[in-house]
There are 2 protein chains.
Amino acid sequence: MKEIIQSVKGARDFYPEDKAIHNWLYDKMRLVSTRFGYEEWDGPFLEKLELYAAKSGEELVKEQAFVFPDRGGEMIALRPELTLSLARMVAQRQGSLTFPLRWWSFGPFWRYEKPQKGRAREFFQWNIDLIGVNSPEADAELIAIVAEFLKSVDLLPSEVLIRVNDRQLMEAKLKALGVELTRKGEVYKLIDRRDKMSADAWESKAKEIGLTRQQLTGLEKLLADGEGWRESENLTRVFSALEAMGVRDYVVFDPHILRGLDYYTGTVFEAFDVEKKYRAILGGGRYDNLVADVGGEPLPGVGFAMGDMVLQVVLDALGKLPQPNLSKADVLVTVFDAEHAVLSMQLAAQLRASGLRAAVYPESGKLAKQFKYADRLGVKFVVVIGPDEAEKGQATLKDLAAGSQMTIPLGAVTGQILHQLVDEKPS
Amino acid sequence: MKEIIQSVKGARDFYPEDKAIHNWLYDKMRLVSTRFGYEEWDGPFLEKLELYAAKSGEELVKEQAFVFPDRGGEMIALRPELTLSLARMVAQRQGSLTFPLRWWSFGPFWRYEKPQKGRAREFFQWNIDLIGVNSPEADAELIAIVAEFLKSVDLLPSEVLIRVNDRQLMEAKLKALGVELTRKGEVYKLIDRRDKMSADAWESKAKEIGLTRQQLTGLEKLLADGEGWRESENLTRVFSALEAMGVRDYVVFDPHILRGLDYYTGTVFEAFDVEKKYRAILGGGRYDNLVADVGGEPLPGVGFAMGDMVLQVVLDALGKLPQPNLSKADVLVTVFDAEHAVLSMQLAAQLRASGLRAAVYPESGKLAKQFKYADRLGVKFVVVIGPDEAEKGQATLKDLAAGSQMTIPLGAVTGQILHQLVDEKPS
């Protein structure tokens, strides 16, 4: 036997059952985004490498992006994230767009990472951003959107939490400890790694980047202080707005959250399963320099991105990933033989015109085989038009679920099916 | 002023108004596909180059595909078409899928072509295929789907036509003219180019590839014969099935249609505006060897692909491209000042919980500015909660369309808006 050509490692096949879950997620994102007044948009999938080079952070661009020269020799990237496309597109129409601007999007992204559970090289992201205003209430709105989304997929605050911090608060506290701000990046990385290293290794690393014993003690203390947000007017207002929007129970202050990307300037947040068994479900924050960085006039922004994969892993682990309804049609119209195929096709066209999903068996074949097919399609009704029926201008309509059947005029089939569907709808 | 970083040539920005049209098209495709009993799926966006190398035709792979080595050195292509991914995915689960199998998809594709009106390097395609059966009725079903789709976007048979041919009929006729079948490819290309060349140039080209004067005359005669389909049992049955499904008026026989891709084996078709002012809106046909070609067991198939761009050009030229509804929310809840922001956010959360699209002004600011913003959002209602209202637990609700306003208890606002929306719905 010949070998089937392989797919690309880390690329994803969406069979209908996968696509159904994908669409379920997309619908949930759409619903929440729309309720908060956000408009759907999308950027291109290809961008010039230079767009990311300045601001996304070295790791993302140099190690993770799929980059290649196009046939004209220019360096192109398969987009590894969306925020810089957003900044570019906003900058291009800065004079005509209406601010504050609320945009959301769901589309594919690519990163050259090691494929594993919850991570592929080709993945989808929900991106949602509020541009043109710098206020704690704007930050809170994005966090409330996260909470409402989690609620909409049936995730409870006892299962997932949104961890919030503020880079400016951290910066002030580090300054108070006497940490030089030029070393901020290294210290952020140190904080970010605390979960992933042993206490000893972490302390060595801290010494290595030049923290004194006293600074380290101070840092440990501030990371342990769950009430540290009270010193930040920004976070105090963020939490009070979340309280007002009824989603405070999804949110905790966590001074470890700093986000990997370079462009964040204030509030930052990530959502995790409560036990942090899996990687972050989503992450985001405030970025106030990005539109200016790509060449526009300065404009503040806040937003987040959620991949489609970790969320599914978390939902699956909790038994909350839905079973998609894979009924492929409402009715199968069988084909008795070549001679009677025309009648079957005519009837199917009538059924469709009335809004029903009607599949025709696309060749003649044994009825038993066609009924077996109907079963696998998950249809509720099967129609048979054999020589007896045809002669009298009739059709036999079988209700597979009820196990009943009736022979009625061809012209009455559509009405009868609609009638039975309405009757049986749960009220 | 700094220069804004440019986008990639031939890539596409989807601003909300573009995305709205994109979604309108997607909805139309979904509706028609679903009514015929097709399930949504998608392939990956990256595939190995070798998948296309065998069967898509040299031009597509060597000249048009975006190809690059990944970080592991393997040659990867950004998918230029979907049918080979379909064949691969079907071959991989051939033992467990239900045949006949009906699948549709709408996603991005890439080809390195010169960007022009109706053509970009990054584009979307609707793909729809019926796998596992080889019958003229199956071919007719795909053509009927085209017709129903065209109808659904308000295109009439006086504006667009589906041109149908059969490669086997053409092969038989060429054989009758004494044209060697080894030269079939060249002759197909010649026929395909007839529209694009002067009569003289075309005749020279025919001589160049070795056609005799007599063969050329024969070829011209067969290309002029609009009734040639009557000699094909396949096309006779295709047309009779289209008649049965009530869409025969969208279809003509056209012996010039042969399709560029190598893998077609029988019925082929393309849709054009009647004057053929623009390029093909879509194209497809029967491919019976593809699943075996990628390594599976032999399985016949028929399908088509429609790009999203030429259709929009045609619709636009006919004044039939819809104006998307860009109302961004139902209600704007204004924020009187920082002190009263909490009340505004509480109310907005209530409005959303009842299913309304409610935007909050995300900072405090002059009310006049917020009303101007409401206008640009296209909202119908604006809510104001100032100190007077707050003291009495009330809000002022303005109906912008009606020009009316009322001050009512905070808890009554949601109900009042829902009530007014229902009252004003066109019945």
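**Entry 1. Two residues with positive phi**

I began with Lys276(A), which is partly exposed at a relative accessible area of 28%. For this term I used the cut-offs of under 20% relative accessible area for buried, over 50% for exposed and partly exposed in between, with a 1.4 Å probe and protein chains only. The model is predicted, so I noted that local features need pLDDT of at least 70 and side-chain atom pairs count only at pLDDT 80 or more, while totals for chains, interfaces and linings use all residues. Residues are numbered from 1 along each chain as its sequence is written, chains are lettered from A and ligands numbered from 1 in the order in which they are written, and side-chain values use heavy atoms, with hydrogens and water left out.

Lys276(A) is not a glycine, yet its phi is positive, at about 50°. I located Lys276(A) in the loop between strand E9 (267-273) and strand E10 (282-287) of chain A. Helices (H or I, at least four residues) and strands (E, at least two) are DSSP runs, numbered from the N terminus.

I then looked up Asp154(A), also not a glycine, and found a positive phi of about 70°. Asp154(A) sits in the loop between helix H5 (136-152) and strand E7 (160-166) of chain A. Its relative accessibility is 43%, so Asp154(A) counts as partly exposed.

**Entry 2. Cis peptide bonds**

In chain A, I found a cis peptide bond between Phe99(A) and Pro100(A), with omega about -5°. Pro100(A) belongs to the loop between helix H4 (83-92) and strand E5 (101-110) of chain A. In chain B, the bond from Phe99(B) to Pro100(B) is cis, with omega near -5°. Pro100(B) lies in the loop between H4 and E5 of chain B.

**Entry 3. Helix H4 of chain B**

I asked how many of the 10 residues of H4(B) are buried. Nine of them are, so helix H4 (residues 83-92) of chain B is largely enclosed by the rest of the structure. I listed the buried residues as Thr83(B), Leu84(B), Ser85(B), Leu86(B), Ala87(B), Arg88(B), Met89(B), Val90(B) and Ala91(B). Their cover includes strand E2 (46-48), helix H2 (49-53), strand E5 (101-110), strand E6 (122-131), strand E10 (282-287) and helix H11 (290-293) of chain B.

**Entry 4. Two helix pairs of chain B**

For the first pair, the axes of helix H8 (residues 199-208) and helix H9 (residues 213-224) of chain B come within 10 Å and cross at roughly 125°. This makes H8(B) oblique to H9(B). Axes are lines fitted to C-alpha atoms, for helices over the stretch in contact, and angles run from 0 to 180 degrees between N-to-C directions. Angles under 35 degrees count as roughly parallel, over 145 as roughly antiparallel, 65 to 115 as roughly perpendicular and the rest as oblique.

H8(B) contributes Trp202(B), Glu203(B), Ala206(B) and Lys207(B) to the contact, and H9(B) contributes Arg213(B), Leu216(B), Leu219(B), Glu220(B) and Leu223(B). Contact means heavy atoms within 4.5 Å.

For the second pair, the axes of helix H5 (residues 136-152) and helix H10 (residues 233-244) of chain B come within 8 Å and cross at roughly 50°. H5(B) is therefore oblique to H10(B). On the H5(B) side I noted Pro136(B), Glu137(B), Asp139(B), Ala140(B), Ile143(B) and Ala144(B), and on the H10(B) side Asn234(B), Arg237(B), Val238(B), Ala241(B) and Leu242(B).

**Entry 5. Between the chains**

I found that the contact takes 98 residues from chain A and 98 residues from chain B. The two chains bury about 8800 Å² between them, 59% of it on carbon and sulfur atoms. Buried area is the accessible area (1.4 Å probe) that two parts lose on being put together, summed over both. Ile5(A), Tyr15(A) and Arg71(A) supply 9% of the area that chain A buries against chain B, more than any other three residues.

**Entry 6. Phe381(B) and Gly319(B)**

I asked whether Phe381(B) is buried or exposed. At 0% relative accessibility, Phe381(B) counts as buried. Phe381(B) lies in strand E14 (residues 381-384) of chain B. Leaving aside neighbours within four places in sequence, Phe381(B) has contacts that include Asp330(B), Leu332(B), Leu397(B) and Ile417(B).

Gly319(B), by contrast, is exposed, with a relative accessible area of 63%. I located Gly319(B) in the loop between helix H12 (309-317) and strand E12 (331-333) of chain B.
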